[in-house]
Amino acid sequence: MGEAYTRSDLGRGLPCRRGKVRDVYDLGDRLLIVATDRISAYDWILPTGIPDKGRILTGLSEFWFSKLGVRHHLISTNPVDAGLGLDPTEIEQLRGRSMVVKKAEVVPFECVVRGYLSGSGWREYRQSGTVCGERLAEGLVESSRIDPPIFTPATKADAGHDENVSFETMAQVTGIETADKLRRASLDVYSLAAEHAANVGLILADTKFEWGRDSATRELMLVDEVLTPDSSRYWPADKYAEGGPQPSFDKQYVRDWLDASGWDKSSEAPPLPAEVVELTRAKYVQAYETLTGRAFTWE
């Protein structure tokens, strides 16, 4: 396990927007998205990265983009194709963690699909029997299956939490025709992904998609990452038991350690111990290998 790569710095006067995980460079007619090894929790970017996390997220997104058969923004995962004249050190740093993508006018909502009752959906259901205003059957418990899955959009937040909203609220912004297309497309993609996950022994409990319009054709396409452990809840099917939280393939080790550390969640987060870093990396690797059927190897 090598060092975590937590910040890219390509210079060249390129406009760069840095998110919680990704550095996005504007190439003019395209974008270069660099997935770093940064990890966030409780709306804080932690001072310790998870080695190879960005490569795992990029590899999984590439796998899903090619498998799903839907329009998407990915052009290439070879950093050389960014056309920046990168030197050998830069190429090596960016290898496996870069996506050259089409520019898109991004829909200002997260398109969330829930097949199981967890997270913010479970918290709302306990209070009102609804999720994003949609009434569900009575008597559900934490991690209950939602059949059929439901579409529950959320506002996109650059900082802090996304906020769940109703379909009607989304339609007021996007127009009903676009909102209907996004709902149908998101449910269809979730169904395809959940079937594949089930075939490899995983439950896709929920996921969030980002969609945008191709700047050239105006057609809707999947953008950003897709169906990774950062944007989705995957549970091992053989350990599933409704009525409580499930073991998951994400950063739960990080959250658990932070909860026990005494951190107040309002000041700078503490560094993560090596054991938590190793266990978290192993979970991401396990998710990659289970979903793709390929070994994750990196020199």
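Good morning. The protein chain I am presenting has 7 helices and 16 strands. Please keep in mind throughout that this is a predicted model.

I shall begin with the chain as a whole. How does the radius of gyration of the protein chain agree with that of a compact globule? With 299 residues, such a globule would have a radius of gyration near 19 Å, and the protein chain has 19 Å, so the two agree. Along its principal axes, the C-alpha trace spans about 60 × 50 × 40 Å. Of the 299 residues, 49% count as buried. The surface that the protein chain exposes comes to about 14100 Å², and carbon and sulfur atoms supply 47% of that area. Let us also consider contacts between residues at least 6 apart in sequence: 65% of these join residues at least 24 apart.

Let us turn to one of the sheets. In what order do its 5 strands lie? The order is 1-2-3-7-6, in an open sheet with antiparallel pairing. Strand 1 and strand 6, which covers residues 74-76, are the edge strands, each pairing on one side only. On average, neighbouring strands of this sheet are turned by 30 degrees against each other, direction ignored. A general remark may help here: strands of a sheet pair through backbone hydrogen bonds, and they do so either parallel or antiparallel.

At one edge of this sheet, strand 1 is joined to strand 2, residues 22-26, by 3 bridges, and these two strands run antiparallel. To find one such pairing on the screen, look for C16, whose bridge partner in strand 2 is Y25. Helix 1, residues 53-68, packs on the sheet. This helix touches strand 2, strand 3, strand 6 and strand 7, and its direction makes about 45 degrees with that of strand 7.

I now ask you to look at a single residue, S8. The segment before strand 1 is where S8 lies. Is S8 buried or exposed? Its relative accessibility is 0%, and therefore S8 counts as buried. The side chain of S8 takes part in a polar contact of 2.7 Å with the side chain of D23. Another polar contact, also given as 2.7 Å, joins the side chains of S8 and Y25. We have already met Y25 as the bridge partner of C16. If we leave aside the neighbours of S8 within four places in sequence, S8 is in contact with R18, D23, Y25, V34 and T36.

My last topic is strand 9, which comprises residues 109-116. How many of the residues of strand 9 are buried? The count is 8 of 8, and the strand is accordingly described as mostly covered.

Which strands does strand 9 pair with? Strand 14, residues 202-214, pairs with strand 9 in the antiparallel sense over 4 bridges. Within that pairing, C111 has F209 as its bridge partner. Strand 12, residues 145-151, is likewise antiparallel to strand 9, and there are 3 bridges between them. Here V113 is matched with F151 as its bridge partner. Finally, 2 bridges join strand 9 to strand 13, residues 154-155, again in an antiparallel arrangement. In this case the bridge partner of E110 is A154.

As you follow a strand on the screen, recall one further general point: in a regular strand, the side chains alternate between the two faces of the sheet. Thank you for your attention.

Key: Residues numbered from 1 in each chain as written. Predicted model: local features only at pLDDT ≥ 70, side-chain atom pairs only at ≥ 80, totals over all residues. Heavy atoms only, no water. Buried < 20%, exposed > 50% of the residue type's maximum accessible area, 1.4 Å probe, protein only. Pairing = 2+ DSSP bridges. Polar contact = N/O pair within 3.5 Å; in protein donor to acceptor, adjacent residues only side chain to side chain. Contact = heavy atoms within 4.5 Å. Rg over C-alpha atoms; globule rule 2.2 N^0.38 Å. Areas by Shrake-Rupley, 256 points an atom, 1.4 Å probe, with all protein chains shown as cover. Axes fitted to C-alpha atoms, helices over the stretch in contact; angles between N-to-C directions.
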